[in-house]
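Here is a short tour for anyone meeting this structure for the first time. Keep the picture open beside the text and follow along.

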Amino acid sequence: MSRRIVAAGNWKMNKTPAEARELIAELTPLVKSDEKDVIFCVPAIDIVPALEAADGTNIKIGAQNMYFEESGAYTGEISPQMLTDVGVEYVILGHSERRGYFHETNEDINRKALKAFEHGITPIICCGESLEQREQGITIDWIRQQIKVAFQNVSAEDASKAIVAYEPIWAIGTGKTATTEQAQEVCGAIRALIKELYGDSVAEEIRILYGGSVNAKTAPDLFAQPDIDGGLVGGASLKAEFGDIVKA
Ligand code: PGA
């Protein structure tokens, strides 16, 4: 089977609602595609205006985070139902910035992933090593641990629909993209782990993205790797360049 390529933009904490509408209007003609999934993961307050601006286009709107409870006294958090109510189908979980600045653990990410699946939201589950871990030679062990915990109690059916994003922390926002060999090695190891956990067909179906300073120049080679099914793009997703990345 052939997996559909994903071009996901991670806007991080950028763009006001008014700016979000403008950017989507600007990018809509540039990211048209019938054979790829184009997803803009926007700040929570931009979700509704972004959905309106993307209505009738091929752009899907995703969230950047979500809590693992249904509702209640969790000041500042957003529930899965709030997302599905407005039509959000994707959520980034466990981005390294959330792990780093907001102390999210593998266990939190597992709870969030289970909740997302329960509500029919596709999680984009992030993993990645620091430069120190890479230099210590523990990258693959670290990533396996992150993914194993994130997928605990996730059924095979749900796992096959998941999206995993491998994002080496040292490559995020630094302009230092991993080489295609480094990116393929880890994405291949993630697929091998999914095969160990769930068998061949889930490993064939799950989509694995690379993220970390992806740009129009590096995207074609990265996306051509056997185990890389697209990208999670930060900085370059806020510019017309994202259109070239989608074309890659
Ligand atoms: P970057 O961010 O493309 O700006 O490096 C990627 C990400 O953090 O998802």
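Let's start in one spot and work outward, keeping in mind that this is a predicted model. Tyr166 has Tyr210 as its bridge partner, and Tyr210 sits in β7. That pair belongs to a parallel match between β6 and strand β7 (residues 207-211), joined by 4 bridges. On its other flank, β6 runs parallel to β5, again with 4 bridges. There, Ile124 has Ile163 of β6 as its bridge partner.

Now look at how the side chains of β6 are arranged. Ile163 and Ala165 point one way, while Val164 and Tyr166 point the other way. Which of these four are buried? All of them are.

**The barrel**

Zoom out and those strands become part of something closed: a barrel of 8 strands, in the order β1-β2-β3-β4-β5-β6-β7-β8, with parallel pairing. From one strand to the next, the twist averages 25°. Strands of a sheet pair through backbone hydrogen bonds, and they can do so in a parallel or an antiparallel way.

Where do β1 and β8 come together? Strand β1 (residues 5-10) pairs with strand β8 (residues 230-233) in the parallel sense, over 4 bridges. Gly9 has Val233 in β8 as its bridge partner.

Elsewhere in the barrel, strand β2 (residues 36-41) is joined to β3 by 4 bridges, and the two run parallel. Val38 stands opposite Ile59 of β3. Strand β3 (residues 59-63) is largely enclosed by the rest of the structure, because 4 of its 5 residues are buried.

**Helix α7**

How far apart are the ends of α7? This helix covers residues 139-150, and its end C-alpha atoms are 17 Å apart. With 12 residues at 1.5 Å a residue, the helix should span 16 Å, so the two values agree.

Helix α7 has a set of buried residues: Thr139, Ile143, Gln146, Ile147, Val149 and Ala150. What covers them includes α4 (96-102), α5 (106-118), β5 (122-127), α6 (131-136), β6 (163-166) and α9 (180-198). So β6, where we began, turns up again here as part of that cover.

**A buried lysine**

Helix α5 holds Lys112. Is Lys112 buried or exposed? Its relative accessible area is 4%, and a residue counts as buried under 20%, so Lys112 is buried. The side chain of Lys112 makes a polar contact with the side chain of Glu104, at 3.0 Å. Leaving aside neighbours within four places in sequence, Lys112 is in contact with Asn65, Met66, Tyr67, Phe68, Leu93 and Glu104.

**Around the ligand**

The model also has a ligand, and 13 residues surround it. The closest are Lys12, His95, Glu167, Gly173 and Ser213. Here are some distances between N or O atoms of the protein and an oxygen atom of the ligand.

| Residue | Part holding the N or O atom | Distance to a ligand oxygen atom |
|---|---|---|
| Asn10 | side chain | 3.4 Å |
| Ser213 | backbone | 2.7 Å |
| Gly235 | backbone | 2.8 Å |

Ser213 therefore appears twice: it is among the closest residues to the ligand, and its backbone supplies one of the atoms in the table. Asn10, in contrast, takes part through its side chain.

Methods
Residues are numbered from 1 along each chain as its sequence is written. This is a predicted model: local features need pLDDT of at least 70, side-chain atom pairs count only at pLDDT 80 or more; totals for chains, interfaces and linings use all residues. Side-chain values use heavy atoms; hydrogens and water are left out. The expected span of a helix is 1.5 Å times one less than its number of residues. Buried means under 20% relative accessible area, exposed over 50%, partly exposed in between (1.4 Å probe, protein chains only). Contact means heavy atoms within 4.5 Å. Two strands pair if DSSP finds at least two bridges between them. Axes are lines fitted to C-alpha atoms, for helices over the stretch in contact, and angles run from 0 to 180 degrees between N-to-C directions. A residue is near a molecule or strand if one of its heavy atoms lies within 4 Å of it. A polar contact is a pair of N or O atoms within 3.5 Å; within protein, one must be able to donate a hydrogen and the other to accept it, and residues adjacent in sequence count only if both atoms are side-chain atoms.
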